[in-house]
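Work through the exercises below with the sequence and the model side by side, and try each task before reading its solution.

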Amino acid sequence: MKNAKLTRQGEKALQKAEQFRDDGLYDIAAEAYQEAIALFKEDQNFTRQADTFSALGKMYDWLLSDYQKALEAYQQSLRLRQMYGLKNLSDEYLNVAVQQNFLGKLSEARDNLERGRHSAQKEDNQQALGKILNLLGDILVEEGYLDEAEEHLQTSLKTLREAGDDYSISHVQASIGLLLACRSKYNEALKACQSALDQAEKIAADGAIGTAQLRFGQIYWMNGNFSEARDHLQKAMEIAQRANIKILRETALDWLDRCGQEKSSDTRPADEA
C-alpha cells in the first residue's frame, strides 16, 4: 500500500532535482534525484523509482557526458524494470547498451541489445527496435561482420521510417554510408551520407548533423582523400563542441589525428569499386 505522504515527498524531491538540473547545478540535482529515489523506494513505488533512475542517467549522459555514471543509473532502472515487470524495458536495455558502447564494452552492449530487441518486439516498440538494430549494426561494422551489419541496418531504416523517427533515420542512413565505405562502394556511401545530412538539416538536429559530417570524414579518409576528410571532421568537431556532445568530439578528434598522420592528397572524385 503506497503512502500518500511519501509519494508527495518523492515527487517534490524529483521536482527540485529537475529544477537544479535546469539551473546547471548538477551536483545538487544528483543529490535531489537520490533523495527522490530513496523516498520512492520506501514508498514501494518502483515505477517512479525506476523513472527517476532513468532521469538521473539522462542528466549524466546528455548534459555531463559522464557515461560511467549514466550507465550505473540506467542499470539500476533496468534491474527494477526486470524485477517488477515495469514498462519501457526495451528503452532501458538500449540506454544501457549505448553507454556500454561509448565506454568500449562492445560485447556487453551487444548482449543487452539482443535482449532489448526481444523486448521491443514483445512490446511492439518500433522506435526502440529501430534504434537497437542501428546500434547493433554499428557494432557489427566495427567488428567486421558486414553482411550481418547490413541486414540489421536495412531493417533498422525500414522500421524507423515506419515509426516516423526522423532523427534516428538520419543516424541509420549515416551508418549505412560507413558500411558501404567498408565495402569500398564510395559513391554509394557518399550518397547515403548526403541523405543523412539532408534529413538532419531538415529537422535542424545538431547531433544528427554532426554524425553525418563525421561519417563523411571517415568515408573520405577511407578513400584516401584526407583533405576532404579533414574538412568534414572539423565541421563535426565544431558541432560537437557547440552542442556539448563529448563522444562525437572525441571521435572526430581521433579521426583528425589520423588525417594528420597521412600525407595530404589532392581532391579527387570517389571511384566505385
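**Exercise 1. A pair between two helices**

Task: Find how far apart the closest N and O atoms of Arg81 and Glu92 are, and decide what kind of pair they form.

Solution: In this predicted model, the closest N and O atoms of Arg81 and Glu92 are 3.1 Å apart. The cut-off for a salt bridge is 4 Å between a side-chain nitrogen of Lys or Arg and a carboxyl oxygen of Asp or Glu, and Arg81 and Glu92 do form a salt bridge. The next step is to place the partners: Arg81 belongs to helix 4 and Glu92 to helix 5, so that the pair links distant parts of the chain, 11 residues apart. As for the surroundings, both Arg81 and Glu92 are buried. Finally, the pair does not stand by itself, since Arg81 and Glu92 belong to a network of salt bridges together with Glu11, Arg48 and Asp51.

**Exercise 2. Two further salt bridges**

Task: Locate the salt bridge of Arg183 and Asp147 and that of Arg21 and Asp22, and state for each partner whether it is buried, partly exposed or exposed.

Solution: Begin with the general idea that side chains of opposite charge can pair when their charged atoms come close. The side chains of Arg183 and Asp147 meet at 2.8 Å, N to O. Because Arg183 lies in the loop between helix 9 and helix 10 (186–202) while Asp147 lies in helix 8, this pair ties together parts that are 36 residues apart in sequence. Arg183 has a relative accessibility of 26% and therefore counts as partly exposed, whereas Asp147, with a relative accessible area of 60%, is exposed.

Now turn to Arg21 and Asp22, whose side chains meet in a salt bridge at 3.1 Å, N to O. Arg21 is partly exposed, because its relative accessible area is 22%, and Asp22 counts as exposed at 54% relative accessibility. The structure as a whole holds 14 salt bridges.

**Exercise 3. The length and cover of helix 3**

Task: Check whether the span of helix 3 agrees or disagrees with its number of residues, and then find what covers its buried residues.

Solution: Helix 3 has 18 residues, which at 1.5 Å a residue should span 26 Å. The number of steps is one less than the number of residues, which is why 18 is not itself the multiplier. The end C-alpha atoms of helix 3 are 25 Å apart, and this agrees with the expected span. Among the buried residues of helix 3 are Phe46, Phe53, Leu56, Met59 and Tyr60, and the list also includes Gln49 and Asp61. The cover over these buried residues includes helix 1 (4–22), helix 2 (26–42), helix 4 and helix 5 (89–102).

Just after helix 3, Ser65 takes a positive phi of about 55°. Leu64 is found in the loop between helix 3 (46–63) and helix 4 (67–84), and because its relative accessibility is 33%, Leu64 counts as partly exposed. Together with Trp62 and Leu63, Leu64 makes a nonpolar surface patch of about 300 Å².

**Exercise 4. Helix 8 and a residue that touches it**

Task: Say which residues of helix 8 are buried, and which residues Val141 touches.

Solution: Helix 8 (residues 146–163) has 18 residues and should span 26 Å at 1.5 Å a residue, which agrees with the 25 Å between its end C-alpha atoms. Its buried residues are Leu146, Ala149, His152, Leu153, Ser156, Leu157, Thr159 and Leu160, and what covers them includes helix 6 (106–123), helix 7 (126–143) and helix 9 (166–182). Helix 8 is followed by Gly164, whose phi is positive, near 70°.

Val141 is placed in helix 7, and at 10% relative accessibility Val141 counts as buried. Leaving aside residues up to four places away in sequence, Val141 touches Leu146, Ala149, Leu153, Leu178, Leu179 and Cys182. The C-alpha atoms of Val141 and Leu178 are 8.2 Å apart in space, although the two residues are 37 residues apart in sequence.

**Exercise 5. Confidence along the chain**

Task: Find where pLDDT stays under 50.

Solution: The chain has a mean pLDDT of 95, and 95% of its residues reach 70 or more. Over residues 264–273, however, pLDDT stays under 50, and for this stretch the model has 25 contacts beyond four places in sequence.

Terms used: Residues numbered from 1 in each chain as written. Predicted model: local features only at pLDDT ≥ 70, side-chain atom pairs only at ≥ 80, totals over all residues. Heavy atoms only, no water. Patch = residues over 30% accessible without salt bridge, like charges linked within 9 Å, V, L, I, M, F, W, Y side chains within 5 Å. Areas by Shrake-Rupley, 256 points an atom, 1.4 Å probe, with all protein chains shown as cover. Helix = DSSP H or I, 4+ residues; strand = E, 2+ residues; numbered from the N terminus. Buried < 20%, exposed > 50% of the residue type's maximum accessible area, 1.4 Å probe, protein only. Contact = heavy atoms within 4.5 Å. pLDDT = per-residue confidence, 0-100.
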